[in-house]
Amino acid sequence: MPPWNGPRAKVQIRLSIQRLRTLQEKKLALAKAARRDIADLVTKGRVETARLRVEGLIQDDIYVELLELLELYAEKLQARFNLLDASTGTEPEPSVSDAVCAIVYAAPRTELKELQVLREILMHKYGRNFSLALLITDPPPESVPPRIVSKLSLYTPSKDLVDAYLGEIARGYGVNWTPEPHTSDEKDEPLEPLKRDDGGDVAGDGSGKGDDGGDKLVEGKDDEAKNKKESPVKVAPAPTPAPAPNPPVEKEKKLTEEEELALRFDRLKNLR
């Protein structure tokens with residue numbers, strides 16, 4: 001690798017910006033065609049296949065957002081190229097540090113050769129230790145912007161997100177489709193009636209009578225009332241006498257305006 005060449009690096013930054021924009025336009029055109037195909041699948045009733053296509057479409061949208069961020073950071077390097085060219089240490093200037101770290105970290109996860117060449121130029125400028133610190137690791141390096149890290153994280157889209165995408169696509173192409181509501185596996189079971197000792201319901205028919213026609217519930221109430229009558233009556237303790245009221249305080253003598261003003265100044269002094 002030849003030593004740092006400022007004009008060559010500047011040209012490589014400009015080429016990277018152009019290729020990033022071209023690739024974004026290509027991805028957006030492919031996404032538009034994919035949405036049309038997904039709408040056709042929904043029309044034919046192949047909803048599960050459409051959901052799988054939507055998962056790929058979501059990943060493509062995230063990739064386009066990554067390209068937009070890298071274009072933004074490449075434009076920052078182009079606008080502040082004098083600071084990039086003048087730096088001679090092993091760390092980039094703080095004003096361009098996030099842009100340099102983002103390109104060095106994320107370029108291998110893209111399909112742009114121009115951006116990867118720019119990455120090699122930046123790695124050569126700042127040295128081996130700087131390059132090793134920006135390898136793709138778990139957890140990622142702290143110097144990499146969090147937005148870049150979030151776009152590079154791998155995950156499976158949730159069913160709610162997929163259905164939301166699918167619903168918007170169907171609405172955009174005039175397809176009559178709505179997501180199915182989530183059904184819980186657990187169902188409410190009817191409560192069992194309370195049982196008596198003899199096996200009958202406590203309030204089976206609302207009459208309060210047992211199987212033998214006797215009014216057992218009423219008998220239970222009579223026994224309860226009888227027990228209440230036989231229980232001794234508790235006498236409440238005598239209330240404690242209320243404390244004697246304080247003697248009335250004599251009204252303070254009304255102060256003059258000068259005395260009130262002096263009193264306010266004394267209070268202000270005490271607050272210090």
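These are my notebook entries on charged side chains in a predicted model.

**Entry: a buried arginine**

I began with Arg119, which I found in helix H5, the run of residues 113–126. Where does the nearest side chain of opposite charge to Arg119 lie, and how far away is it? I looked it up and found Glu120 at 6.0 Å, and I noted that Arg119 is buried yet has no salt bridge. Since a salt bridge is counted within 4 Å, I could not enter Glu120 as a partner of Arg119, because the separation is 6.0 Å.

I then asked what the side chain of Arg119 reaches instead, and I recorded the backbone oxygen of Val104 at 2.6 Å. Setting aside the neighbours within four places in sequence, I listed the contacts of Arg119 as Ile103, Val104, Ala107 and Pro108. Val104 therefore appears twice in my notes on Arg119, as the residue whose backbone oxygen is reached and as a member of the contact list, where contact means heavy atoms within 4.5 Å.

**Entry: the salt bridges**

I next searched the whole structure for salt bridges and obtained 10. Side chains of opposite charge can pair when their charged atoms come close.

I looked up Glu75 and found that it forms a salt bridge with Arg21, with 2.7 Å between the closest N and O atoms. Glu75 belongs to helix H2 (residues 47–79) and Arg21 to helix H1 (residues 6–43), so I noted that this pair ties together parts 54 residues apart in sequence. I checked the exposure of both partners: Glu75 is partly exposed at a relative accessible area of 28%, and Arg21 is also partly exposed, at 41%.

I turned to Glu111 and Lys27, whose side chains meet in a salt bridge at 3.7 Å, N to O. Glu111 sits in the loop between helix H4 (94–106) and H5, while Lys27 is in helix H1, so the pair ties together parts that are 84 residues apart in sequence. For Glu111 I recorded a relative accessible area of 44%, which makes this residue partly exposed.

**Entry: a pair within one helix, and a network**

I then examined Arg171 and Glu168, whose side chains form a salt bridge at 2.8 Å, N to O. Both are in helix H8 (residues 159–172), 3 residues apart, and I noted a separation of about one helical turn. Are these two residues buried or exposed? I found Arg171 exposed, and Glu168 likewise.

Last, I followed salt bridges that share partners, and I found Glu48, Arg51, Lys159 and Asp163 joined by them into one network.

How values were computed: Residues are numbered from 1 along each chain as its sequence is written. This is a predicted model: local features need pLDDT of at least 70, side-chain atom pairs count only at pLDDT 80 or more; totals for chains, interfaces and linings use all residues. Side-chain values use heavy atoms; hydrogens and water are left out. Helices (H or I, at least four residues) and strands (E, at least two) are DSSP runs, numbered from the N terminus. Buried means under 20% relative accessible area, exposed over 50%, partly exposed in between (1.4 Å probe, protein chains only). Lys and Arg count as positive and Asp and Glu as negative; His and the chain ends are not counted. A polar contact is a pair of N or O atoms within 3.5 Å; within protein, one must be able to donate a hydrogen and the other to accept it, and residues adjacent in sequence count only if both atoms are side-chain atoms.
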